[in-house]
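Please walk me through this model in the viewer, one selection at a time. I would like to know what to pick next and what is there.

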Amino acid sequence: MNAMTEGWLKIGRLHDVPRQGARVVRTAAGAIAVFRTHDDQVYALEDRCPHKGGPLSQGIVHGHRVACPLHDWRIDLESGQAVAPDVGCVARYPVRIIDGELWLQLNGAMLGGPTPAQGCRHD
Amino acid sequence: MGKPKLVVIGNGMAGMRTVEELLKLAPDLYDITVFGEEPHPNYNRILLSPVLTGEQTLDQIILNPLDWYAQHGIRLHTGDPVVHIDRARRVVVSRSGIEASYDRLLMATGSRPVRLPLPGAELAGVVCFRDIADVQAMVAAAREYRQAVVIGGGLLGLEAANGLRARGMQVTVVHLASWLMERQLDEPAARLLQRTLEERGIAFRLAAQTEALQAGESGRVCAVRLKGGEVLPAGLVVMAVGIRPNTQLAEAAGLHCNRGIVVDDTLQTVTDPRIYAVGECVSHRGVFYGLVAPLFEQAKVAANHLARFGIARYTGSITATKLKVTGVDLYSAGDFMGGEGCEEIVLRDAGRGVYKKLVLRQGRIVGACLYGDTLDGPWYFELMREGSDVTALRERLMFGRAHVGDAGHGDPRARVQQLPDSAEICGCNGVCKGTILAAIRDQKLFTLEEVRAHTKASASCGSCTGLVEALLAMAVGGDHSTAPSKKPLCPCTHYTHDEVRAAIRDQGLKSIPAVMRRLEWKTPDGCPKCRPALNYYLLAAWPGEYADDAQSRFINERAHGNIQKDGSFSVVPRIWGGVVSPRELRAIAAVAEKYQAAEVKITGGQRIDLFGIRKEDLPAVWRDLSAAGFVSGHAYGKALRTVKTCVGSRWCRFGTQDSTGLGIKLEQATWGSWMPHKFKMAVSGCPRNCAEATIKDFGVVCVDSGYELHVGGNGGIKVRVTDLLTHVKTEAEVIEHACAFIQLYREEAHYLERTAPWVERVGLAHIKARVVEDADSRRALYERFLQSQRHAQHDPWAERAQGGAAHEFAPLETVV
Ligand code: SRM
Ligand SMILES: Cc1cc2nc3c(=O)[nH]c(=O)nc-3n(C[C@H](O)[C@H](O)[C@H](O)COP(=O)(O)OP(=O)(O)OC[C@H]3O[C@@H](n4cnc5c(N)ncnc54)[C@H](O)[C@@H]3O)c2cc1C
Ligand code: SF4
Ligand code: FES
C-alpha cells in the first residue's frame, strides 16, 4: 500500500452513485451514506439523521443538501450540520474521486463544521 | 477595493426588514450604514396601539436591539435624519453633518401623519399618532388631563381613542364622514362598532367638522370648536386624519414622485436605478400601501435585487384590515361596498352583535366586511385571492368554513386563549403553546411561514394552522394578515403551480432542467418541494414521452415501499376490491415467513401490510409476490391507493348492485396512474354505505335505479363528506365518469392537493361542467386518461424484481 492510499478504501466508481442521489457503504460501525450532487461533488456522511436517526441516504439531494426522508430536516453535506433553525450534526468522512473512482477514509470521521467555531453541539 | 456600500435612509419596519432579508441572502456583500430620524432602534410600529392601552411595554416592541446592528457590522446613526442626497457624488448628508457615500441607496422614509391646517394646530397638547414620541406624549397627558378629543374615526383614530379611554380619559371622536372607518366598513358594520365603543364610554360626533383648536391660559390646547358652534373641552387633541408618503427628501434629490416615490416592479426608483425605495414612502403601479404585510413583500423583492439575484418581482398585493381593539372583532377586505354588477350576501344577528357581508361578482368573492365574528375572514380572503368560484358553496358560505365539510376544530381563537402554556398545539411535532409564543416573541416572527420554520408547528399535517394563526394574532397584535397576491410553488421560484403547468404545456418543456432554465429557477437544482411537483407535472403533460426522474421522487415512490421509522420498508400488495383467495393468502404468508416480516397487519384499506422488510430484500420479496400474481398496491404513492368495496348483491340481503365486481373493474381501470396526491375510491352496494364511499375521492353508492357518483371526500386530517356529482345507469358510465374525473384532477390540481381541497378551490360547478354536463368534454378526458394509462400500467415491482434500478436496493460496498 502506498502513502496515497493508506487508510483509504476504494468503494466503487462515481457512476455507481446516481447524480442527485446516494448509495450506502455498510461498515461494522454502521452505515455511511455517499452522496453525489448535481454538480458531481461527492460527500460521505454517517447515515443517521441527528433528529431521530433517519437514513439520510434515502433523502432527496438538492444543491449541496439532503432532506431527511423521515421529518424533512435539511442537512448541509459539506459541514454535516443541520440547516437552521434545526440544530444538530452528523459525522463526515473524507472521500476523494481519483480517476473516476471513489475512495473513502473510514478512520477519518470528523465531527462538526468546517471551522472549529461551528463545532457540533451535542447535548 | 472594499465592499460596495449600502446606505439606508429610515430605520423603520420596511427598511430594516429589507436589510434582514438581504443579510439572509448575502450576509457579507455590503458595508451597510443606516440613518434613522427617531432616537430608537427599529421597533414594531403596529404595536404602538397596545403600548398606548398599556397591554404592552416599549421594551417588548423593539424588533432589532442595538447589539443586532453591531453583530452584523451595521453602522447605525439614530436621531440623525438625512437632510441631503447628492446623486452626482453619490453621498448623503445627515443633519449632524455626517457624510456617507453609497453604491446603492435604499429609501424607507415611511409616512408623515397629516396635520390639518386649522387655527391652533400647532398648540402644545396637539399630537399625531405615529411614533414612540407621540405615544409618550399621550401617556403623559393622560396622567394630567381628563378630556381628550380624537380627530378622525379611522383605524388609527379609533385605536388612539380606545387607548386613551383605557388610560382613564373621557374621549370624544370627531369624524367627518357619517360613519366610522368608511374606507373599511359599510354603514351597518360601522354602526355596530360604534355601539360597542360607546358602551365602553367613547363619545362620537359624526358628520362633524373641526373648525378651530382653542388655547387655554397656559397656552396649551384646552378645547375643540366644531362647525355649528359646539365646543368640546380637551387637554389633549389627537389628529389621526391620514398619512402622506414622506417624499420630501426624494423630491429634493430630483427623484420622480407622484404621491409616493415612484418605483418599478424591482423596487428601483424609476429615476435612478442605484436608488431603491420600499415601504409607505413608495408608489408602486399607482398604489401606496399603509399596512406592513405588503411592505414586507416589497422588502423581500428589494433584498433579492440588492443581493444581485435579480429575479424577484413585486406585482402588488391585496390587503385586508383588522382593528386592534381588544374585544372588537372586525375584518374587512377588497371591494366591500359592492354596487353595479355585484351581488351581496348579508347576515345579521343583532342578538350576538354579528354582521357579515360578502360581495360577489360572477360567482367570486370580491370583498368582505365582517363584524363580531371574524373567524372566517382569512378563509374568505383566501377564496378571494385565489379567485375561487364559490357558486356551489353559496348557501353555506355565511356559516363559515366549519360548515362546508371542513370540520376543523371549532373557534380556534377562543380555544387557544383558554389553553395553558403547556398545551400541545401541533400534535405532529409536539410543539406546545408556550414554545410558540416564546418563539414569536423572542425571534420576532410575523408570519405563519416563519413560525413553521422556527418551531415546526403546523409544518406537517397543517391541521393546527388555525390555532397557530390565532396565536400569532394574539401575540403580534392582530394584524400579521395579508399574504402576497400569489403563492409561488416553492421558494425556488416566483411562479405559481398553475403558471408552471401552463409553461410546461405551452412552451413544450420536457425535462426538469428545461423548466428550471426557462423559468429562471433561483436554485441550481430545486428543492424537495418543487422537484417532485415538476416531475409529476411533466409526467402528466407528456405521457409516454417524459422519462421519469427517480431522484426527484420522495423515497417511498423511488423505492416503491413505505419507509418506516427504523429505515425498513413495508410492502402492501394490491388486493383487487379487497377480495382474496386462500392460495393468495398462503403466498403472502410464505413471503412473510421467508423474509421475516416483523408484523403482518390488515390495513384500513382492505389489504395486507408486511412490515419491517429490509430494503435489500425488497426485489426478492416482490419477485415471490409477482410469481403468485400480485402487483404493487401503491400504498406509498401519489397514485390510486385502494378501491374499498362491500359485499353488495353477491351476498348481502340489501345489495342493489354488484358493488364488489364494480370495485374490481374500477381498480383495474385506474391502478398505476400517477396523480397530484393519493386517490381512494369505494363502492357501496346500497345507501347503508358499508364501504364508506362518501368520504372517498371518488365514491359510488349503488341504488336500485343505478349508481350515485360522489366526489371530493376525505377521511383524513380534515373529514370532508363528498359532493354528489351525478347519477348514472350503467357500470360503463361509472367507469367513464370516474376516469374523466381522475383525468381532470390530474390535469388541473396542484401537486399535493387532494381532491377535497381541489374541489373546494375550483368549485363543484366547474367539475360538473367538465365531467357531467358536457359529454364531449367527458369523452375527451376519458380518452386522455386511457392514453396515459397505456404508459402507466406496468407493475413497478415486477420491473425491479427483474433487475430494474438495482442500485437503489444494493449497498455500494460492504466493509467488514
Ligand atoms: C397502513 C395504513 C394504516 C393501517 O394500518 O390500516 C396507513 C398508513 C399510513 N398512512 Fe394512512 N394508512 C392507511 C389508511 C388510511 C385511511 C383509511 C382509508 O384509506 O380508508 C385514511 C383516511 C382516508 C383518506 O385518506 O381520506 C388515511 C389517511 C392518511 C393521511 C391523511 C390524508 C389526508 O388527505 O388528510 C396520511 C398523510 C398524508 O397522506 O399526507 C396518511 C399517511 C399514512 C402513512 C403513509 C404515513 C407516512 O407518510 O409514512 C402511513 C404509512 C404506514 C406504512 O408504512 O405502511 N394516511 N390512511 C392504511 C393503509 C391502507 C392501504 O391499504 O393502503
Ligand atoms: C399606531 C399605528 C398602528 C398601526 N397598526 C397597523 C396594523 O395593525 N397593521 C398594519 O399592517 N399596519 C399598521 N400600521 C402601519 C404600519 O406601522 C406601517 O405601515 C409601517 O410601519 C410602515 O413601514 P415603513 O418602514 O414604510 O415606515 P416607518 O415604519 O414609519 O419607518 C420610516 C422611518 O424612517 C424615518 N425617517 C423618515 N425620514 C427620514 C430621514 N430623512 N432620515 C432618516 N430617517 C428618516 C422615520 O422616522 C421612521 O422611523 C400602524 C401604524 C401606526 C402608526
Ligand atoms: S398509520 Fe396513519 S394514523 Fe397511524 S400513526 Fe401512521 S400516519 Fe398516523
Ligand atoms: S429523523 Fe431525520 S428529520 Fe426526523
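Start at Gly387 of chain B, which follows helix H9(B) and has a positive phi, near 60 degrees. The model is predicted, and the tour goes from this glycine back into the helix before it.

Select residues 377-385 of chain B, which form helix H9. This helix is mostly covered, with 7 of its 9 residues buried. To see them, show side chains for Trp379(B), Tyr380(B), Phe381(B), Leu383(B), Met384(B) and Arg385(B), and add Gly377(B), which is also on the buried list.

What do the buried residues of H9(B) pack against? Colour four strands of chain B: S22 (320-322), S23 (330-334), S25 (354-361) and S26 (364-371). Then add helix H10 (394-397) of chain B, which is packed against by the buried residues of H9(B) as well.

Next, select two helices further along chain B: H22, residues 731-748, and H25, residues 775-792. Their axes come within 8 Å and cross at roughly 75 degrees. Because angles of 65 to 115 degrees count as roughly perpendicular, H22(B) is roughly perpendicular to H25(B).

Now show the side chains where the two helices meet. On the H22(B) side, pick Ile735(B), Glu736(B), His737(B), Cys739(B), Ala740(B), Ile742(B), Gln743(B), Leu744(B), Arg746(B) and Glu747(B). On the H25(B) side, pick Arg778(B), Arg779(B), Leu781(B), Tyr782(B), Arg784(B), Phe785(B) and Ser788(B). Coloured by class, this contact between H22(B) and H25(B) shows 8 nonpolar, 3 polar and 6 charged residues.

Before leaving chain B, colour it by pLDDT. The mean for chain B is 91, and 95% of its residues reach 70 or more. Two stretches to select are residues 405-409, where the pLDDT is below 50, and residues 478-484, where the pLDDT is also below 50. Beyond near neighbours in sequence, residues 405-409 of chain B have 9 contacts in the model, and residues 478-484 of chain B have 29.

Move to chain A. Shown as a cartoon, chain A has 10 strands and 0 helices. Of its 123 residues, 54% are buried. Among the contacts in chain A with a separation of 6 or more, 40% are between residues 24 or more positions apart. Turn on the surface: the accessible area of chain A is about 5800 Å², and carbon and sulfur atoms account for 48% of that.

Finally, display both chains together. For the complex, the predictor gives an ipTM of 0.72 and a pTM of 0.59.

Key:
Residues are numbered from 1 along each chain as its sequence is written. Chains are lettered from A and ligands numbered from 1 in the order in which they are written. This is a predicted model: local features need pLDDT of at least 70, side-chain atom pairs count only at pLDDT 80 or more; totals for chains, interfaces and linings use all residues. Side-chain values use heavy atoms; hydrogens and water are left out. pLDDT is the predictor's confidence in each residue, from 0 to 100. Contact means heavy atoms within 4.5 Å. Buried means under 20% relative accessible area, exposed over 50%, partly exposed in between (1.4 Å probe, protein chains only). Accessible areas come from the Shrake-Rupley method with a 1.4 Å probe; for residues, only the protein chains shown count as cover. Axes are lines fitted to C-alpha atoms, for helices over the stretch in contact, and angles run from 0 to 180 degrees between N-to-C directions. Angles under 35 degrees count as roughly parallel, over 145 as roughly antiparallel, 65 to 115 as roughly perpendicular and the rest as oblique. Ala, Val, Leu, Ile, Met, Phe, Trp, Tyr, Cys and Pro count as nonpolar, Asp, Glu, Lys and Arg as charged, and the others, Gly among them, as polar.
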